[in-house]
Every structure is written in C-alpha cells, then in structure tokens.
Amino acid sequence: DTFMGRMAFSELVPYLALAGGVALLGWIARQLRRSPRPRLTAGLWLLWLASAVMIDQFLTFSTNEYAHYPQYALLAWLVARTLDPQRSRWVVGRVLFWTTLMGMGDELLQYLWITTSYSDYLDFNDFLTNLVAAAAGMLLYYGAAPLPSSPPPRDRPVLAWSVVGAL
C-alpha cells in the first residue's frame, strides 16, 4: 500500500517510460549537437528505435519488460566504461557479447530459481530485448565520441571464444 492506496509497479511503468523517453530524447539531442558525425548517429538511433518498436510489437507481453531497456543500457554503458575508459578502442562487439550473456544468465536464473512456481518457459524474447537495450547503451556511450583515426590495436578475445565454446 502507498499513501494513494494500492499500487503495483506495473502501473508506474508507463510514467517511468515516458520520463525516461523524454530524458533519452534530450540526451540524443545533446549527442547530435556534439557528434562529429550527427547523421550517422541519428541513423543508428533510428535503427535502434525501429528495433525497439518491433520488439514491442511482437515480443513484449508485459509492461514490466520495459524495465530491460534502462537496465541493460546502463549495464552496457558500465561495461564499455570499464573496457574502454577513453572511448578510443571501440569495443562494441565485446560489450554487446558480455552484456547479452549476463542478460541470458539473469533470464536463466529467473527461470530456474525465481519464477519456478508460475513460469513454464525460458523467456528467449528477453535475450533479444537485452541485446537491443545494450545497443542503446553503446549508442549512449560512443554516440558523440570521435571515430579513431586508425583501427585500434585489438587483443584476441580468448575468454569470449572460450565461453562461446563452452556454451
């Protein structure tokens, strides 16, 4: 109960989504003003929006699932900040891999432990939602960063390929 009576989290989600959307539009406008390549950045955001709309149209079954977008965008931003603090290495693929893998682990944990009494399936739709949300995190992190003048040196992703092989 709240001071306004009974209220479920799902009733707040549309308002939180609206506030988050307004904040995101402000951030994107700021990015486009500062970006050395505003058309590319705008195009990538439009592609992301189209992906999010398609997920909403065909894969979203509960308003609570909208919470994935800020959660995994923030997680991707934090992983990118950890792996590339100067925004010079552009480790987008690795960040998307690790963030999506963490999201898959979270969904598996929910299926095996948290929702065992009322869930009959592993929510594969959320795997894709987490990936698209992580892509938003990458756009937030690298959106206004200048492209590197030469391809940055890359170390071999031995750990990532080992995890893929184990899966």
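Trainee: Why is Thr-41 called buried?

Mentor: In this predicted model, Thr-41 has a relative accessibility of 2%. Buried means under 20%, so Thr-41 counts as buried.

Trainee: Where is Thr-41, and what is it in contact with, leaving aside its neighbours within four places in sequence?

Mentor: Thr-41 sits in helix α2. With those neighbours left aside, its contacts are Gln-31, Leu-32, Ser-35 and Gly-143. Contact here means heavy atoms within 4.5 Å.

Trainee: Ser-51 is in helix α2 too. What makes Ser-51 partly exposed?

Mentor: Its relative accessible area is 27%. Buried would need a value under 20% and exposed a value over 50%. The 27% of Ser-51 falls in between, so the residue is partly exposed.

Trainee: How far is the C-alpha atom of Ser-51 from that of Thr-129?

Mentor: The two C-alpha atoms are separated by 9.2 Å. Along the chain, Ser-51 and Thr-129 are 78 residues apart.

Trainee: What about Thr-60: is it buried or exposed?

Mentor: Thr-60 has 18% relative accessibility. The limit for buried is under 20%, so Thr-60 counts as buried. Its place is in the loop between α2 and α3. Not counting residues up to four places away in sequence, Thr-60 touches Ile-55, Glu-65 and Tyr-66.

Trainee: Which value tells you how to class Trp-90?

Mentor: The relative accessible area of Trp-90 is 18%. That is under 20%, so Trp-90 is buried. Trp-90 belongs to the loop between α3 and α4. Its phi is positive, about 50°, although Trp-90 is not a glycine.

Trainee: Where is Arg-87, and what is its phi?

Mentor: Arg-87 is also placed in the loop between α3 and α4. Its phi is near 55°, a positive value in a residue other than glycine.

Trainee: Why is Arg-87 called partly exposed?

Mentor: Its relative accessible area is 30%. Partly exposed covers what lies between buried, under 20%, and exposed, over 50%, so the label fits Arg-87.

Trainee: Which residues form the positive surface patch?

Mentor: Arg-87 is one of them, and the others are Arg-30, Arg-33, Arg-34 and Arg-81. Helix α1, residues 9–34, supplies the largest share of this patch, 3 residues.

Trainee: How do you know that Arg-33 is exposed?

Mentor: Arg-33, which lies in helix α1, has a relative accessible area of 66%. Exposed means over 50%, so Arg-33 is exposed.

Trainee: Which residues form the nonpolar patch on the surface?

Mentor: They are Leu-108, Leu-109, Leu-112, Trp-113, Ile-114 and Tyr-118. Together they have about 700 Å² of accessible area.

Trainee: What makes Trp-113 count as exposed?

Mentor: Trp-113 has 62% relative accessibility, and exposed means over 50%. Trp-113 therefore counts as exposed. This residue is found in helix α4. Its C-alpha atom and that of Val-79 are separated by 26 Å, with the two residues 34 apart along the chain.

Trainee: How do you class Tyr-118, and where does it lie?

Mentor: Tyr-118 lies in the loop between α4 (92–114) and α5 (124–142). At 60% relative accessibility, set against the limit of over 50%, Tyr-118 counts as exposed.

Key. Residues are numbered from 1 along each chain as its sequence is written. This is a predicted model: local features need pLDDT of at least 70, side-chain atom pairs count only at pLDDT 80 or more; totals for chains, interfaces and linings use all residues. Side-chain values use heavy atoms; hydrogens and water are left out. Patches are made of residues with over 30% relative accessible area and no salt bridge: like charges are joined within 9 Å, nonpolar side chains (Val, Leu, Ile, Met, Phe, Trp, Tyr) within 5 Å. Accessible areas come from the Shrake-Rupley method with a 1.4 Å probe; for residues, only the protein chains shown count as cover. A salt bridge is a side-chain nitrogen of Lys or Arg within 4 Å of a carboxyl oxygen of Asp or Glu. Lys and Arg count as positive and Asp and Glu as negative; His and the chain ends are not counted. The place of a charge is taken as NZ of Lys, CZ of Arg, CG of Asp or CD of Glu. Helices (H or I, at least four residues) and strands (E, at least two) are DSSP runs, numbered from the N terminus. Buried means under 20% relative accessible area, exposed over 50%, partly exposed in between (1.4 Å probe, protein chains only).
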